[in-house]
Amino acid sequence: MVKDLLAAEQTDLRLLVTPQGKVIELLGDKLNLVIENDWVKTTVPPNYVPALVKFLVGQGIEVHQVVQKQQSLEEYFIAVTKQEADNV
C-alpha cells in the first residue's frame with residue numbers, strides 16, 4: 001500500500017522561462033499553472049519533467065532554471081485526505 005502511495009507522488013515544479021505567456025498558452029489547459037514572481041509553478045509526476053522541458057525547448061521557450069521538490073508521503077497524505085474531505 002505504501003508502495004502505491006509513493007508511486008503516485010507528485011513533484012512541485014518551478015520553471016524560470018521566457019516567454020511566460022507562451023508557456024501558459026501551450027500548457028494552461030493541460031496543467032494547473034501558477035505564476036509567482038518570475039516563476040511558472042505546477043505539480044507533475046517526477047518522470048514527466050524531462051519530457052516537459054524538452055517540449056518547451058522544442059517550442060522555442062527558453063528554460064533558464066528548473067527546480068523540483070518532491071512531495072513527502074505526509075504531504076501527499078494531507079492532499080489526498082483534503083480532497084476526500086472536500087468531496088463529502
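## Reading a strand and its core

Colleague: Which residue in strand 3 is the bridge partner of L13?

Modeller: In this predicted model, L13 has T42 of strand 3 as its bridge partner. That bridge belongs to a broader pattern, for strand 1 and strand 3, the latter spanning residues 39-44, pair in the antiparallel sense over 6 bridges.

Colleague: Which side chains of strand 1 point to the buried face?

Modeller: Along residues 11-18 the side chains alternate, with T11, L13, L15 and V17 pointing to one face and buried, while D12, R14, L16 and T18 point to the other and are not buried. One residue of that second group, R14, has its charged end over the ring of W39, 4.1 Å from the ring centre.

Colleague: Which elements give two or more residues to the largest nonpolar core?

Modeller: The general idea is that nonpolar side chains tend to be buried together in soluble globular proteins. Here the largest nonpolar core has 13 residues, and those with the most contacts inside it are L15, V23, L27 and L56. Two or more residues each come from strand 1, helix 2 (20-27), strand 3 and helix 3 (49-58). Setting aside neighbours within four places in sequence, V23 is in contact with V17, G28, L33, V40, L56 and I61.

Colleague: Why does T81 count as partly exposed?

Modeller: The class depends on relative accessible area, with buried meaning under 20% and exposed over 50%; T81 therefore counts as partly exposed, because its relative accessibility is 31%. T81 lies in helix 4, residues 73-86, and a polar atom of the T81 side chain lies 3.1 Å from the backbone oxygen of I78.

Key: Residues are numbered from 1 along each chain as its sequence is written. This is a predicted model: local features need pLDDT of at least 70, side-chain atom pairs count only at pLDDT 80 or more; totals for chains, interfaces and linings use all residues. Side-chain values use heavy atoms; hydrogens and water are left out. A charge sits over a ring if NZ of Lys or CZ of Arg is within 6 Å of the ring centre and within 35 degrees of the ring normal. Buried means under 20% relative accessible area, exposed over 50%, partly exposed in between (1.4 Å probe, protein chains only). Helices (H or I, at least four residues) and strands (E, at least two) are DSSP runs, numbered from the N terminus. Two strands pair if DSSP finds at least two bridges between them. A nonpolar core is a set of buried Ala, Val, Leu, Ile, Met, Phe, Trp, Tyr and Cys residues joined through side-chain atoms within 4.5 Å. Contact means heavy atoms within 4.5 Å. A polar contact is a pair of N or O atoms within 3.5 Å; within protein, one must be able to donate a hydrogen and the other to accept it, and residues adjacent in sequence count only if both atoms are side-chain atoms.
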